[in-house]
Amino acid sequence: MRPPIHQSTTLPTTNLPTRWAAAWRSFRIATWLGWQIESNWTDPFLFAIYSMLKPLASAAILVVMYGVITNGQFQNPIFPYIYLGNAFYIYVGAVMTGVSWAVIDDREHYRTLKYIYVAPIRIPAYWLGRGVARFLTGSFAVLITLAAGVLFLHVPFQPARVDWLLFLVSLTLGVVMLALMGLVLASISLMIAHHFFLIGEAVAGALYLLSGAIFPLEVLPPWLRPLGFAMPITYWLELIRRSLLGDIASGFPTLSGFTNGQLLGILAGLSVLFGLMAAVTFRFCDRRAREKGLIDRTTNY
Amino acid sequence: MSTDLAIETHNLGRVYTVRNRRERRIRKEIVALQDVNLQIPRGELFGLLGPNGAGKTTLIKILTTLLSPTTGWARVAGYDVVREPHKIRPRINMVSGGEASGYGLLTVRENLWMFAQFYGLPSREANRRIEELLRRIGLADRIHTKSSDLSTGLRQKMNIVRGFLTDPEILFLDEPTLGLDVNAARDVRQFIREWLDAHPDRTVLLTTHYMVEADELCDRVAIISQGRVLACDSPEALKRRLQREALFDIDITAPNGLTAAALEALPGVRKAVLTDADGGARLSLVLAADSVLPGVIGVLTERAVQVRHLTKREPTLEDVFVELVGRPLAEEEGQDEQ
């Protein structure tokens with residue numbers, strides 16, 4: 001039988017201000033660490049070149065495919081729909097998999113996960129902090145992609161007609177939602193010692209097809225569409241397109257029945273749902289990983 | 001339960017369930033720890049001595065909240081490792097030897113500073129401690145070196161500093177000198193001793209499979225083998241157990257078919273271990289009294305075994321280990337690896 005919990009003479013560490021302080025400390029230092037890792041793997045010149053070429057190359061693949069399939073119909077409203085969806089989808093890979101990648105990176109590459117785990121930090125806040133650097137590099141990639149689209153491919157972007165408030169609110173809400181989805185993935189990564197490298201990429205790849213990033217959900221088979229409607233990314237991308245393109249985006253049938261306010265409400269609701277899911281998943285996976293001895297188990301993949 | 005105890009375990013056990021990767025239904029249970037009962041007061045340097053695979057690291061993982069036990073309970077700094085890990089973590093730190101962990105892109109100072117920040121140490125104080133500890137462990141000249149450019153031994157020294165940097169109430173050192181050369185291992189042992197002398201209220205739990213390390217450093221030692229604690233006492237008290245007996249090392253040319261079992265059959269021979277030695281073999285004997293020795297020599301003579309050298313010696317922890325386990329530690333490790 002366990003003895004009763006005794007009252008320590010030292011200060012307790014679970015009162016609310018201390019927990020928030022620990023969470024902020026974890027987030028702040030993890031952000032610093034994430035940026036050091038992201039920016040220092042090569043010299044600054046190569047880093048700048050890589051940061052520009054990578055998003056441009058992936059956008060170029062899509063543009064070439066589109067051009068071949070449509071015989072160069074770049075004036076069709078579907079083109080900015082696809083181009084913007086693809087550009088902002090960069091955030092999915094950057095933020096969502098950026099957060100979850102911290103588990104794999106610390107456990108397999110740096111072998112530090114157990115030391116971080118036994119430190120008095122809030123692990124979810126630490127993971128979120130590790131995702132910040134990916135968010136920053138992702139933002140740069142999005143900007144580069146958008147600039148290339150406007151300058152060379154005539155994506156109809158007119159700053160005076162952009163609904164900036166809607167754009168900023170949607171972007172913020174979307175990034176928070178993606179970070180919370182990343183927390184769910186990170187928690188699951190704690191539990192899976194084998195093949196977890198594939199999780200982030202597999203989920204991001206599946207969502208690319210299911211969330212209307214490069215084609216309206218009507219293109220999907222009817223039995224797959226509900227999955228697309230259940231994904232907050234679908235509503236987020238719609239809001240981003242509407243804020244930047246206005247009427248052109250509203251012309252697509254998928255979510256035309258919803259007002260901007262309704263879409264924001266759905267996105268906020270689904271984000272809260274993912275937040276709750278992240279909390280529950282972390283508690284469960286944290287307990288199970290400790291029970292199964294998975295915290296510091298490496299696979300040497 | 002006393003609050004003066006830094007660590008307390010009660011019937012602590014851990015069983016790993018391993019699934020067959022081809023046939024998932026087939027499961028195998030591996031007992032890593034069994035009925036471990038320890039009481040470690042504050043201010044003690046406590047050693048866990050045992051071969052690889054004895055359960056030392058499993059015990060440390062449980063006590064540092066990385067792993068849940070399957071039976072029994074454990075308390076660290078007065079808190080339950082399963083129910084209150086968040087209360088334990090600010091009070092502990094750990095270092096594992098024999099691994100090259102750390103962020104290779106960061107310098108030594110940055111690596112250490114970052115971990116100090118996780119523990120809420122003010123930046124100026126962290127930098128002061130980093131410089132002081134690096135100087136004491138002989139790594140001050142590498143403070144601005146990227147940790148990826150350090151040798152394994154130097155990186156291990158950096159990790160040892162990381163463990164001490166936060167001035168933990170209870171420090172867990174899992175084989176801290178594993179893989180270090182003789183000089184570096186000596187530096188680390190000296191560093192640990194000096195730190196404890198300067199912080200007498202701190203507790204260190206150290207695992208090792210080096211007898212000398214346990215003997216030299218630890219206030220008390222638990223000998224652990226196959227998940228069970230076989231004995232727990234100060235090194236002197238453990239060795240005193242054998243002082244009523246006579247210990248001899250006999251270097252011989254070749255055993256000529258002589259076995260340890262044959263010698264143990266002689267009256268008064270408590271333990272006989274035959275190991276290969278330079279150009280021959282060494283016979284380590286635990287005898288009930290000096291007077292048993294002539295009988296042993298007689299058996300050697302009958303088998304035409306030539307004695308090259310004979311020493312009577314004081315008991316060591318190695319002898320205690322052999323007495324308890326029945327085999328030398330090196331042999332025990334060889335068996336674990338099979």
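**Exercise 1. Burial and extent of chain B**

What percentage of the 338 residues in chain B do buried residues make up?

*Solution.* The structure is a predicted model. Buried residues make up 43% of the 338 residues in chain B. The next step concerns extent: along its principal axes, the C-alpha trace of chain B spans about 75 × 50 × 50 Å. The secondary structure of chain B comprises 12 helices and 14 strands. Finally, consider contacts in chain B between residues at least 6 apart in sequence: 71% of them join residues at least 24 apart.

**Exercise 2. The domains of chain B**

State into which domains chain B is divided, and how far apart their C-alpha centres lie.

*Solution.* Chain B is divided into domain 1, residues 5-239, and domain 2, residues 246-314. The C-alpha centres of these two domains of chain B lie 39 Å apart.

**Exercise 3. The fold and dimensions of chain A**

Determine how many helices and strands chain A has, and whether its radius of gyration agrees or disagrees with that of a compact globule.

*Solution.* Begin with the secondary structure: chain A has 11 helices and 0 strands. Next, take the radius of gyration. A compact globule of 301 residues would have a value near 19 Å, and chain A has 21 Å, which agrees. Along its principal axes, the C-alpha trace of chain A spans about 75 × 45 × 35 Å. As for burial, 41% of the 301 residues of chain A count as buried. Among the contacts in chain A with a separation of 6 or more, 85% are accounted for by residues 24 or more positions apart.

**Exercise 4. The largest nonpolar core**

Identify the residues of the largest nonpolar core that touch the most other members, and the element that gives the largest share.

*Solution.* The core has 166 residues, and those touching the most other members are Val95(A), Leu63(B), Val76(B) and Val161(B). Its largest share, 18 residues, comes from helix α3 of chain A, residues 78-109. The core also draws at least three residues from each of domain 1 (5-239) and domain 2 (246-314) of chain B. Consider then the surroundings of one member. Leaving aside residues up to four places away in sequence, Val161(B) touches Leu112(B), Leu133(B), Leu134(B), Ile137(B) and Leu139(B).

**Exercise 5. Two helices compared in turn**

Describe how helix α3 of chain A and helix α1 of chain B are covered, and what follows each along the chain.

*Solution.* First, α3(A) is mostly covered, with 27 of its 32 residues buried. This helix bends by about 40° at Gly98(A). Just after α3(A), Arg111(A) takes a positive phi of about 55°.

Second, α1(B), residues 56-63, is also mostly covered, with 7 of its 8 residues buried. The buried residues of α1(B) are Lys56(B), Thr58(B), Leu59(B), Ile60(B), Lys61(B), Ile62(B) and Leu63(B). Of these, Leu63(B) is named among the core residues that touch the most other members. Just after α1(B), Thr65(B) has a positive phi of about 70°.

**Exercise 6. Where the chains meet**

Establish how many residues of each chain are in contact with the other, and which elements of chain A contribute.

*Solution.* The count comes first: 30 residues of chain A are in contact with 30 residues of chain B. On the side of chain A that touches chain B, the elements giving two or more residues are α1 (16-39), α4 (113-117) and α11 (260-292) of chain A. The largest share of this side, 5 residues, comes from α1(A). By class, this side of chain A has 15 nonpolar, 8 polar and 7 charged residues.

**Exercise 7. Two positions in chain B**

Decide whether Arg228(B) and Gly257(B) are buried, partly exposed or exposed.

*Solution.* Arg228(B) lies in strand β10, residues 228-233, of chain B. Arg228(B) has 16 other C-beta atoms within 10 Å, so this residue is partly exposed. Not counting residues up to four places away in sequence, Arg228(B) touches Gln34(B) and Asp35(B). The C-alpha atoms of Arg228(B) and Gly55(B) are separated by 7.9 Å, although the two residues are 173 residues apart along the chain.

Gly257(B) lies in the loop between β11 (246-252) and α9 (260-264) of chain B. Because Gly257(B) has 9 C-beta neighbours inside 10 Å, this residue counts as exposed. Gly257(B) and Arg303(B) are 46 residues apart in sequence and 8.0 Å apart in space, C-alpha to C-alpha.

Definitions and conventions:
Residues numbered from 1 in each chain as written. Chains lettered and ligands numbered in written order. Predicted model: local features only at pLDDT ≥ 70, side-chain atom pairs only at ≥ 80, totals over all residues. Core = buried A, V, L, I, M, F, W, Y, C linked by C-beta atoms within 7 Å. Buried ≥ 20, exposed ≤ 12 C-beta atoms within 10 Å, placed from the backbone. Helix = DSSP H or I, 4+ residues; strand = E, 2+ residues; numbered from the N terminus. Domains from an automatic or database assignment. Contact = placed C-beta atoms within 7 Å. Bend = angle between axes of the 7 residues up to and from the residue. Nonpolar A, V, L, I, M, F, W, Y, C, P; charged D, E, K, R; others polar. Rg over C-alpha atoms; globule rule 2.2 N^0.38 Å.
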